[in-house]
Amino acid sequence: MTIRHDGLLVDWLGYATTRIEAPDGTVVYLDPGRYGVLSGEWEPPGGQDLPHPKPQDEYPKDGDVVCITHDHHYDSDAVTRVADSDAKLVVYEAVDASNIDRDVEPVEELPYEVVRVDDEAHVSAAGVDVWSVPAYNESDGPHAKPDGSVPHPEGFGCGFKLAIGGTSVFWPGDSDALDGFAELDVSLFLANIGGTVVSDRHEAADLAEAMDPDLVLPVHYNTIDILTTDSGEFAKDVARRGVPVVLDER
């Protein structure tokens, strides 16, 4: 399924992977890969009716810009499946293959231009503006352990706001629903609703209401067991608050 918003074509492909295409054909991928979502090997848990990956030979390597928020979402094989030969990779500065317990290539060894960013950067590539923003679990927040430890501490990752085809898009990455997000002027909000280690559907709905975007598209849920949630109830909750919302499911 492809959702359309303000001239953009947007596909949630499973886990955190989202493809965004502008009217002029420019394509951005956010956090592509993992759990077989780009290799044809993923089956949604519990037989749920969710986006299913294409066979691996159907991806056109059309990504002009590929953005990576943190180690958990870095998949070098997936990057090579989707990136054009002239692609620019916008990668958070802390992403480090040596700290990842999976078989991944170091970012700088991939055959693309790589731009490293902190959590307050602005990059322009292929006519797309990319801003990075802080993203993390708060040590006294809803996803912290009693000792204050969290899966995504400050400095581990970032979120991204894009301006593509004249439309603003926000992907918070793996984070709590931070108060600062509500200050962003966003047309399309890619809501992280998986819960457990990131904002849950209730927190994401509160944030959607505070942000008041033109459209909300939930992503990053029901791919693995710890990200199981009820997307339909999320959509009802957001709609009751007067915010337009859509599901990319089939």
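# Note on the core, strands and side-chain pairs

1. Tryptophan 12 is buried, with a relative accessible area of 1%, and this is a convenient place to begin reading what is a predicted model. Tyrosine 221 is likewise buried, its relative accessible area being 0%. A search of the whole structure for aromatic pairs finds four of them. In one of these, the ring centres of tryptophan 12 and tyrosine 221 lie 4.7 Å apart and the ring planes meet at 25°, so the pair is stacked. Because tryptophan 12 belongs to strand 2 (residues 8–14) while tyrosine 221 sits in the loop between strand 13 (215–219) and helix 3, this pair ties together parts that are 209 residues apart in sequence.

2. Phenylalanine 170 and phenylalanine 189 form another aromatic pair, with 6.1 Å from centre to centre and 20° between the planes, and this pair is stacked as well. The two rings link distant parts of the chain, since phenylalanine 170 is in strand 11 (residues 167–171) and phenylalanine 189 is in strand 12 (residues 188–192), 19 residues apart. Both phenylalanine 170 and phenylalanine 189 are buried. Ring pairs also bring in Phe181, so that Phe170, Phe181 and Phe189 are linked into a cluster.

3. In soluble globular proteins, nonpolar side chains tend to be buried together. The largest nonpolar core in this model has 79 residues, and the residues with the most contacts inside it include Phe189, Cys67, Val79, Leu162 and Ile164, as well as Tyr74. Which element gives this core its largest share? That share, six residues, comes from strand 6 (residues 83–92).

4. Strand 6 deserves a careful look, for seven of its ten residues are buried, and the strand is accordingly described as mostly covered. It pairs in the parallel sense with strand 5 (residues 63–68), over five bridges, and within this pairing isoleucine 68 has valine 91 of strand 6 as its bridge partner. Strand 6 also pairs with strand 7 (residues 113–117), again in the parallel sense and over five bridges, and here valine 90 stands opposite valine 115 of strand 7. Where does a helix enter this arrangement? Helix 1 (residues 76–82), together with strand 5 and strand 6, makes a β-α-β unit, and that unit is right-handed.

5. Tyrosine 74, one of the core residues with the most contacts, touches Ile68, Val79, Val95, Ile100, Arg102, Val104, Glu105, Pro106, Val107 and Leu110, when residues up to four places away in sequence are not counted. Serine 76 lies in helix 1. Is serine 76 buried or exposed? Its relative accessible area is 5%, and therefore it is buried. Leaving aside neighbours within four places in sequence, serine 76 is in contact with Val104, Glu105 and Leu110, and these three residues also appear among those that tyrosine 74 touches.

6. Side chains of opposite charge can pair when their charged atoms come close. How many salt bridges does the model contain? The count comes to nine. In one of them the side chains of arginine 116 and glutamate 108 meet at 2.9 Å, N to O, and arginine 116 counts as partly exposed because its relative accessibility is 31%.

7. Glutamate 209 forms a salt bridge with arginine 241, and the closest N and O atoms are 2.7 Å apart. This pair links distant parts of the chain, with glutamate 209 in helix 2 (residues 201–211) and arginine 241 in the segment after helix 3 (231–240), 32 residues apart. Glutamate 209 is partly exposed, at a relative accessible area of 41%, and arginine 241, at 26% relative accessibility, is partly exposed too.

8. Lysine 236 and glutamate 233 form a salt bridge in which the closest N and O atoms are 3.3 Å apart. Because they are three residues apart in helix 3, lysine 236 and glutamate 233 are separated by about one helical turn. Glutamate 233 is partly exposed, with 27% relative accessibility, as is lysine 236, whose relative accessible area is 45%. Elsewhere, salt bridges that share partners join Asp206, Glu209, Asp237 and Arg241 into one network.

Conventions. Residues are numbered from 1 along each chain as its sequence is written. This is a predicted model: local features need pLDDT of at least 70, side-chain atom pairs count only at pLDDT 80 or more; totals for chains, interfaces and linings use all residues. Side-chain values use heavy atoms; hydrogens and water are left out. A nonpolar core is a set of buried Ala, Val, Leu, Ile, Met, Phe, Trp, Tyr and Cys residues joined through side-chain atoms within 4.5 Å. Buried means under 20% relative accessible area, exposed over 50%, partly exposed in between (1.4 Å probe, protein chains only). Helices (H or I, at least four residues) and strands (E, at least two) are DSSP runs, numbered from the N terminus. Contact means heavy atoms within 4.5 Å. Two strands pair if DSSP finds at least two bridges between them. A crossover is right-handed if, with the strands pointing away from the viewer, the path from the first strand over the helix to the second runs clockwise. A salt bridge is a side-chain nitrogen of Lys or Arg within 4 Å of a carboxyl oxygen of Asp or Glu. Rings of Phe, Tyr and Trp (its six-membered ring) pair if their centres lie within 6.5 Å; planes under 30 degrees apart count as stacked, over 60 as edge-to-face and the rest as tilted.
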